[in-house]
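Please open the model in your viewer and keep the sequence panel visible. The tour proceeds by selection, one stop at a time.

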Amino acid sequence: IGEWMKVIYGMVFSLVAGFIIGWLMVKLVEFVFRAVPRHKANQLFVVVQDVCAAMLSFLHGSQDGQKFMSIALLGIALSFGMETSGDTDFPLWLMILCSLAISFGTLIGGKRIIKSVAMDMVKLEKYQGVAASLTTVITLLVSSLTGMPVSTSHCSTAAIMGVGASKNPHKVKWSVAKDMVLAWVLTFPCCGFIGWALAKVFMMF
């Protein structure tokens, strides 16, 4: 039950904390840079975005990467007739393989997701993008340190919603946001059922 609750806590935290911290973070950025000329601030924001991108890449691996590697390690153990792997250390080749898989998936589908979240749902200025990135870094870091499994895309999307809504709630296309939340909600029961069905099929052999 405890492990299941961590999943629920993680989902709620990533959405609620991402939205609230995003709302507050953009207010903080606006306050700190209120007297700085926009063009100079934008130059700094570009650099900060690059730093945030590197941090998010690392934290993305610390969250989503661990899930993929855990499933792969369990599959390897089962293929050798073991009930569990009995080990929490991932081999280097598995880390590299999962890193390449995540990178390739982001390369293929990332552009469409970015368009849906950062263009169709709400359009952000540079300082708002920095606030959203910093918020995502914070939520992922807290989740990783506390052991809550979360989705990087959930954290990022919730942060962008909060940042966009803080400026003007009417600027956010809530119809797009509603479709995303619906997809998130349906993911859990659908994946659970598919996993249960496949397990039943595999156990027949």
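The bend at a residue is the angle between two fitted axes, one through the seven residues ending there and the other through the seven starting there. The model to which this is applied here is a predicted one.

Select helix 2, residues 38–79. Its 42 residues reach 58 Å from the first C-alpha to the last, close to the 62 Å expected at 1.5 Å a residue. Now centre the view on Gly65, where helix 2 has a kink of about 40°. Gly65 is itself one of the buried residues of helix 2, which also include Gln63, Asp64 and Met69.

Move next to helix 1, residues 2–32, and select Phe19 and Trp23, which lie four residues apart, about one turn of the helix. A search of the whole structure finds three aromatic pairs. Phe19 and Trp23 form an aromatic pair of the tilted kind, with 6.3 Å centre to centre and 40° between the planes. Are these two residues buried or exposed? Phe19 counts as partly exposed because its relative accessibility is 25%, and Trp23 is also partly exposed, at 33%.

Remain in helix 1 and select Ser14. This residue counts as buried because its relative accessibility is 0%. Display its surroundings: beyond the neighbours within four places in sequence, Ser14 is in contact with Val150, His154, Cys155 and Ala158.

For the final stop, select Phe31 and Arg34. The charged end of Arg34 sits over the ring of Phe31, 4.2 Å from the ring centre.

How values were computed
Residues numbered from 1 in each chain as written. Predicted model: local features only at pLDDT ≥ 70, side-chain atom pairs only at ≥ 80, totals over all residues. Heavy atoms only, no water. Phe/Tyr/Trp six-rings, centres within 6.5 Å; stacked < 30°, edge-to-face > 60°. Helix = DSSP H or I, 4+ residues; strand = E, 2+ residues; numbered from the N terminus. Buried < 20%, exposed > 50% of the residue type's maximum accessible area, 1.4 Å probe, protein only. Lys NZ or Arg CZ within 6 Å of the ring centre and 35° of its normal. Expected span 1.5 Å × (residues − 1). Contact = heavy atoms within 4.5 Å.
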